[in-house]
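Work through the exercises below with the model at hand. Try each task before reading its solution.

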Amino acid sequence: MRKIFSLASILCFTIAFEVHAEQYQLPPNGDSIIGQLVIISAQDEDTFLKLGRRFDIGFQELVIANPKVDPWLPGEGTQVIIPTRYILPNTKREGMVLNLAEMRLYYYPKSSNGKPEVVHTYPISIGRDGWTTPHSQTRIITKAKNPIWYPPESIRKEHEEKNDPLPNVVPPGPDNPLGKYALKLAIPGYLIHGTNEPRGIGMKVTHGCIRLHPNDISDLFNRVSINTPVTIINQPYKFAWHNNKLYGEMHPNEGDESTTASRN
């Protein structure tokens, strides 16, 4: 489940305004909890897809945090938990850290001129069954605006079997599944990129690459540089102490399966 809770009590509160979980100041003394858990009252036209964009939360995060709420029609006045409180992954806080289990990316920029250290966090989509995103320590080797997509043979074959053939080259534009920005990793065939289908953010829908919402990849692209380290991990269980209480965060286990074919 995607919930952060105290082993003594669940922390949440109700607010009447909206927040956008994108940047947080790192807590002092090496603490690991950032953000706040929020409860909102849904409006008549709300869906989890719309709420996900409003609060920068992945679809699955909302579904798991609200198991009794209809994600497609919550209903006017329904109380919806917005899980914008996070336990930082238990790994070195450097560059990008992608936790597959929670489908979330954390970026730790280097601080300068005595400015407080911060972390940026974004929901992501990862590889679906059979196209699992690999766990790895890697880095960004190139950055591309308006990237050209060269569908690998494995993906072209999959589309041919569905009578939906792909061209050998997909130019920049609205039909390009890489969106407007792409960060190439040192792992051959893998990218962190945007999308022309943002509805899938926070789901296992890719061929192994890491996909961000167009607004988020634009923000991240302009913050990172070539050789930024990228750590891809799978931590379904995270724990942290805060004010003498132990908190836990649990996610579905992504598993250890990986494949070697090129992705998109």
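The exercises that follow concern a predicted model, and each is solved step by step.

**Exercise 1. The open sheet**

Task: Find in which order the strands of the open sheet stand, and which strands stand at its edges.

Solution. Step 1: The open sheet is formed by 9 strands, and their order is β3-β10-β9-β8-β17-β12-β13-β14-β16. The pairing in this sheet is mixed.
Step 2: The edges are taken by β3 (23-25) and β16 (210-211). Each of these two has a single partner strand, so one side of each has no neighbour in the sheet.

**Exercise 2. Partners of β12 and β8**

Task: State how β12 pairs with β17 and with β13, and name a residue pair for each. Then do this for β8 and β9.

Solution. Step 1: β12 (136-145) pairs with strand β17 (residues 229-233) in the antiparallel sense, over 4 bridges. Here R139 is opposite P229 of β17.
Step 2: With strand β13 (residues 181-185), β12 again pairs in the antiparallel sense, over 5 bridges. K145 has Y181 of β13 as its bridge partner.
Step 3: Strand β8 (residues 95-99) is antiparallel to β9, with 5 bridges between them. V97 is opposite Y106 in β9.
Step 4: For reading such strands, recall that side chains in a regular strand alternate between the two faces of the sheet.

**Exercise 3. Two faces of helix α3**

Task: Which residues of α3 are buried, and which are exposed on the other side?

Solution. Step 1: In helix α3 (residues 153-161), the buried residues are I155, E158 and H159. They lie on the same side of α3 because the arc they cover around the axis is only 95°.
Step 2: E153, K157, E160 and E161 are exposed on the other side of α3.
Step 3: After α3 comes N163, which has a positive phi, near 55°.

**Exercise 4. The loops on either side of α3**

Task: Locate I148 and N176, and decide for each whether the residue is buried or partly exposed.

Solution. Step 1: I148 sits in the loop between β12 and α3. Its relative accessible area is 42%, so I148 is partly exposed.
Step 2: Together with Y150 and V169, I148 makes a nonpolar surface patch of about 290 Å².
Step 3: N176 belongs to the loop between α3 and β13. With a relative accessible area of 0%, N176 is buried, since buried means under 20%.
Step 4: The N176 side chain reaches two backbone oxygens: that of P147 at 2.8 Å and that of P171 at 3.3 Å.

**Exercise 5. Tyrosine 108**

Task: Where is Y108 placed, and is Y108 buried or exposed? Also state how far Y108 is from T121.

Solution. Step 1: Y108 is part of strand β9 (residues 104-108).
Step 2: Y108 has a relative accessibility of 4% and therefore counts as buried.
Step 3: Y108 and T121 are separated by 13 residues in sequence and by 8.9 Å in space, C-alpha to C-alpha.

**Exercise 6. A hairpin**

Task: Describe how β18 and β19 pair and what lies between them.

Solution. Step 1: Strand β18 (residues 237-242) and strand β19 (residues 245-250) are antiparallel, joined over 6 bridges.
Step 2: H242 has K245 in β19 as its bridge partner.
Step 3: The two strands form a hairpin with 2 residues between them. In the turn, N243 has a positive phi of about 50°.

Notes:
Residues are numbered from 1 along each chain as its sequence is written. This is a predicted model: local features need pLDDT of at least 70, side-chain atom pairs count only at pLDDT 80 or more; totals for chains, interfaces and linings use all residues. Side-chain values use heavy atoms; hydrogens and water are left out. Buried means under 20% relative accessible area, exposed over 50%, partly exposed in between (1.4 Å probe, protein chains only). The arc is that of the directions from the helix axis to the C-beta atoms. Patches are made of residues with over 30% relative accessible area and no salt bridge: like charges are joined within 9 Å, nonpolar side chains (Val, Leu, Ile, Met, Phe, Trp, Tyr) within 5 Å. Accessible areas come from the Shrake-Rupley method with a 1.4 Å probe; for residues, only the protein chains shown count as cover. A salt bridge is a side-chain nitrogen of Lys or Arg within 4 Å of a carboxyl oxygen of Asp or Glu. Two strands pair if DSSP finds at least two bridges between them. A polar contact is a pair of N or O atoms within 3.5 Å; within protein, one must be able to donate a hydrogen and the other to accept it, and residues adjacent in sequence count only if both atoms are side-chain atoms.
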